[in-house]
Amino acid sequence: MILKGRGDNVPDHCTLCPSDREATEPTFRCIDCTNAPLMCQDCCVENHRFNPLHRIEHWTGRYFEKISLRRLGLVIQLGHQDGSKCPQPVSGPSKFVIVHHNGIHRVRMMYCGCEASLSSQTGSMHHKWEQLMRNRMFPATHTRPSTACTFQMLNWFHVLTLSSKVTAYDFYKGLERTTDNTGAKLPVLLLSLPQ
């Protein structure tokens with residue numbers, strides 16, 4: 001029952017905030033990070049730059065409710081493995097959908113438009129689908145991708161299909177329920193799975 005609320009010994013300010021930033025009340029938690037403390041919005045976004053598909057909950061004063069990292073301001077930057085911002089970013093679709101093993105996520109994404117996305121072999125810019133593949137995401141289309149599946153999710157589906165004969169339809173329905181078990185707030189998936 002302690003996990004349903006804020007727990008014991010809740011600090012009045014975020015313990016992850018750097019000393020040069022004014023500490024604020026910690027009202028966010030990650031349910032995918034192991035033993036993660038409550039944190040403020042800025043620290044939550046900063047700590048999830050390399051884990052943009054983690055599931056976040058926000059304390060309303062009475063209970064925790066789901067909130068996306070996209071709503072908190074996280075933008076996934078492709079083409080820069082160190083996590084740095086691109087000096088010439090190219091905007092992706094406003095509601096890019098990523099299917100991951102922990103659910104279906106709507107994210108904000110920026111493609112790289114600077115020299116970091118130049119191919120060392122051809123000297124030309126990497127296409128959007130190539131930038132997605134380099135970040136372990138398989139796009140639904142190579143022309144104008146707006147949906148992708150992570151390699152982790154595809155591997156998981158492959159193993160489940162071989163070991164327990166799960167169909168693509170049942171697997172996707174399970175992902176829908178993992179995302180939102182009420183069925184009310186699911187992102188529109190722009191990918192047709194065989195039934």
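A residue counts as buried when its relative accessible area is under 20%. In this predicted model, Phe64 comes in at 12% relative accessibility, so Phe64 goes into the buried group. Across the whole protein chain of 195 residues, 36% count as buried.

Zooming out, the protein chain has 5 helices and 9 strands. Read along the sequence, these elements line up as β-α-β-β-α-β-β-β-β-α-β-β-α-α. The C-alpha atoms take up a box of roughly 55 × 45 × 25 Å along the principal axes. Long-range contacts also show up: of the contacts with a separation of 6 or more, 51% come from residues 24 or more positions apart.

Back to Phe64, which sits in strand 3 (residues 64–67). Setting aside neighbours within four places in sequence, Phe64 is in contact with Lys4, Gly5, Arg6, Thr27, Arg29, Leu38, Glu57, His58 and Trp59. Glu176, by comparison, is 112 residues from Phe64 in sequence, and the two C-alpha atoms are 20 Å apart in space.

Two of the residues that touch Phe64, Arg29 and Glu57, also pair up with each other. In general, side chains of opposite charge can pair when their charged atoms come close. Here, Arg29 and Glu57 form a salt bridge, with the closest N and O atoms 2.8 Å apart. Arg29 belongs to strand 1 (residues 28–30) and Glu57 to strand 2 (residues 56–59), so this pair ties together parts that are 28 residues apart in sequence. Both partners are tucked away: Arg29 counts as buried at 17% relative accessibility, and Glu57 counts as buried at 13%.

The count for the model comes to 4 salt bridges. Another one of them joins Asp32 and Arg55, whose closest N and O atoms are 2.7 Å apart. Asp32 lies in the loop between strand 1 and helix 1 (41–47), while Arg55 lies in the loop between helix 1 and strand 2, so the link spans parts 23 residues apart in sequence. Asp32 is partly exposed at 24% relative accessibility, and Arg55 is partly exposed too, at 28%. Glu46 and Arg49 also meet through their side chains in a salt bridge, at 3.4 Å from N to O. With 45% relative accessibility, Glu46 counts as partly exposed, and Arg49, at 38%, is partly exposed as well.

The domain assignment splits out domain 1 (28–72) and domain 2 (76–152), with C-alpha centres 23 Å apart. Where the two meet, 8 residues of domain 1 are in contact with 14 residues of domain 2. The area buried between domain 1 and domain 2 is about 860 Å², and carbon and sulfur atoms give 58% of that area. On the side of domain 1 that touches domain 2, the residues divide into 3 nonpolar, 1 polar and 4 charged. Even with those charged residues, 0 salt bridges are found across the interface of domain 1 and domain 2. Polar contacts do turn up there, with 5 residue pairs counted between the domains.

As for Gln77, this residue is found in strand 4 (residues 75–77). Its relative accessibility is 18%, so Gln77 counts as buried. Leaving out residues up to four places away in sequence, Gln77 touches Ser84, Lys85, Cys86, Pro89, Met110, Tyr111 and Cys112. With Met110, there is a polar detail to look for: the Gln77 side chain reaches the backbone oxygen of Met110 at 3.5 Å.

Key:
Residues numbered from 1 in each chain as written. Predicted model: local features only at pLDDT ≥ 70, side-chain atom pairs only at ≥ 80, totals over all residues. Heavy atoms only, no water. Helix = DSSP H or I, 4+ residues; strand = E, 2+ residues; numbered from the N terminus. Buried < 20%, exposed > 50% of the residue type's maximum accessible area, 1.4 Å probe, protein only. Contact = heavy atoms within 4.5 Å. Domains from an automatic or database assignment. Buried area = accessible area lost by both parts, 1.4 Å probe. Polar contact = N/O pair within 3.5 Å; in protein donor to acceptor, adjacent residues only side chain to side chain. Nonpolar A, V, L, I, M, F, W, Y, C, P; charged D, E, K, R; others polar.
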